[in-house]
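Trainee: I would like to learn how the terms used for a protein model are justified. Could we go through them one at a time, setting each value against its definition?

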Amino acid sequence: GAARVVGLEDGTEGDVREANLTEAVALFTAAVAASQESLGPFASETGEAVELLCQALRLRLDPNELAWRREFLDACEQQEPPPGLEEFDQDDHVNTGTNPAAAPGALVALGAAAGAASGGLSSPEEFAAARRADLAWNNLNTLEAAMRLATAIEFRAANHLGVLQDEEEELLDEAEDLRKRVAARLALLKGEVSEDTCFARVAAARAISRRKCLDAAEAKGRALVAAALYHQSLTGLRLNRHFGFGNMRALAITREYAHVLAVRLGDFMSAEPLLRRVVRGYTMRGYDVFAVDSYQLLGKCLIQNERMYEAEEVFGLCVKIHLKHTGPNMPLTLEAMADHAEVTTEICKRYEDPYEMEKAELLWRKVVEGRDLAMGSTHPETIEAMMSLGSCLLERARMAELSKKGRGGRAPPPVGAKPLRADKAAELEAKKRGALNPKMWGAWIDEAEQHHRFAVEARTTAFGAAHPRTVEAQEELVRTLLARLHDWDENAAMVPLKHRPSTRNVDDLRSEAETLATRILQARELTQGRNQAATLRSERLLGKVNGTH
């Protein structure tokens, strides 16, 4: 107890803290040695002393932590099996779901057969040692030691504590094998619906899903295994009457399962009902702040499932939650507003809904103002929001032009959309006419060009003229210049003088657009190649500019 207070609960820093930790490590080492001598190397008291020693070593970032944990796990594997296990024969009938106590009988046969098949055991002594090591995994202290070793390995690998890349992969493989073996053994010992079994499967699924794989087939295979473990865990929790499916931990597990389905496997249809269950569970308990991540992932699933209006409503709820709990100009709130504005802009482009574009413009303005105050006008995220606002204004100008020519209007509503009441339809129609005011065409074009020019200058200063992000800003500026050049005389005659774009020489605008488009094409040919999609898009853009002559 004195060593724990000195080594683990003292908040001092510097030389005093290091001296306290050194003293704690010495005391815990002595405690481990005494417990091994008097009680045995695999006793539970020895395991407790080893755990305290390893906690002190972790505070010092000492790599000997793994050696101590491996030594204790090896000692646990050498202990005698629990009494009565030798009485089971290979033909014993077990039902792990209803009679977990009978499971060790099957483990005797399974462990002996697996050891003989995998290890190539040639002598009775080797077979007996492998059988004893397998039976030792029926002790809970062995399983606990394995889980603690896996946790320590994952901690060191995640923080890159003196571990090379190849060694890190080997350590993570070891941790993953330990997690899967513990989960399988607990399922036999305690049953499928045990809380320990379910949480061990979740730990194994996390170990599998967090690994990064360059090969797409391998990554998908690992995601499928992780999804299966999550599904088994949730099924067990649903059947566990003492735990229940609506528990907070079960909601967190459900969210992780949905993330694997949506992000790793692309199964958005299966992930959507799981996420709805998660947000409903958190909201009913008053923990709506915990449901923000699930709301955002649900919105992305709805977008992939072609349900844009529902996605817009979900992202709007995210904005309200962030405004309530974090504040108006916080980064998370601004990010939620940007997501809301993006889906609103996509609705306008897809369904020709000008009212949605007006909403998107207001949202982008709030994002630009908030990021300008919080991060500065030249921050990359502020520049990104400025470009999005410029593209939104450019889209409004295009829709106003189409409406003037009689080609605008709302596209057919998506499948499943509710019919509007007469008064609601009239209100939307009035707002639509205001959103498509052709007199604002010049102001929208001027402001869009201003934002895109600022983005080009800022990114050229920060990244260079040939950087892909600078080229992206230049491309948006060319599109704005094309919109200004398109039907110039007709628009100028249609728009009153005070609303016209700034008067400049058309030839100068065309020359500037051609120069930028040529520069974009050359940069993408140099960085990406001639046959890439972005390069071909740049060629088409240059063709449009040349077509204005």
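Mentor: Let us begin with a definition: a salt bridge is a side-chain nitrogen of Lys or Arg within 4 Å of a carboxyl oxygen of Asp or Glu. Please keep in mind that what you see is a predicted model.

Trainee: What makes the contact between the side chains of Arg69 and Glu65 a salt bridge?

Mentor: The N to O distance for Arg69 and Glu65 is 3.2 Å, and the cut-off is 4 Å, so the pair qualifies as a salt bridge. Both residues lie in helix H4, four residues apart, which is about one turn of the helix, and both are buried. Arg69 and Glu65 also belong to a network of salt bridges that links them with Glu51, Arg58, Glu144 and Arg148.

Trainee: Why is Arg350 said to tie together parts of the chain with Glu306?

Mentor: Their closest N and O atoms are 2.4 Å apart, and the two residues form a salt bridge. Arg350 lies in helix H15 (residues 331-351), whereas Glu306 lies in the loop between helix H13 (292-304) and helix H14 (308-325), so the salt bridge joins parts that are 44 residues apart in sequence.

Trainee: Why are Arg350 and Glu306 called partly exposed?

Mentor: Partly exposed covers what lies between the limits of 20% and 50% relative accessible area. Arg350 has 31%, so the term applies to Arg350, and Glu306 has 48%, so the term applies to Glu306 as well.

Trainee: How do you know whether Cys54 is buried or exposed?

Mentor: The relative accessible area of Cys54 is 0%, and buried means under 20%, so Cys54 counts as buried. Cys318 also has a value of 0%, so Cys318 is buried by the same rule.

Trainee: How many disulfides does the structure hold?

Mentor: The structure holds zero disulfides, which means that no pair of cysteine sulfur atoms lies within 2.5 Å.

Trainee: What lines the largest cavity, and which helix gives the largest share of the lining?

Mentor: The lining of the largest cavity, which holds about 60 Å³ of space, consists of Gly47, Val50, Glu51, Arg69, Phe72, Ala145 and Arg148. Helices H3, H4 and H7 each supply at least two of the lining residues, and the largest share, three residues, comes from H3. By class, the lining has three nonpolar, one polar and three charged residues.

Methods: Residues are numbered from 1 along each chain as its sequence is written. This is a predicted model: local features need pLDDT of at least 70, side-chain atom pairs count only at pLDDT 80 or more; totals for chains, interfaces and linings use all residues. Side-chain values use heavy atoms; hydrogens and water are left out. Buried means under 20% relative accessible area, exposed over 50%, partly exposed in between (1.4 Å probe, protein chains only). On a 1 Å grid over the protein atoms alone, a cavity is a set of points where a 1.4 Å probe fits but cannot get out, and a pocket is an open set with protein on both sides within 12 Å along at least five of seven lines; lining residues have an atom within 4 Å of a point. Grid points are joined across faces, edges and corners, and a volume is the space filled by probe spheres set on the points. Ala, Val, Leu, Ile, Met, Phe, Trp, Tyr, Cys and Pro count as nonpolar, Asp, Glu, Lys and Arg as charged, and the others, Gly among them, as polar.
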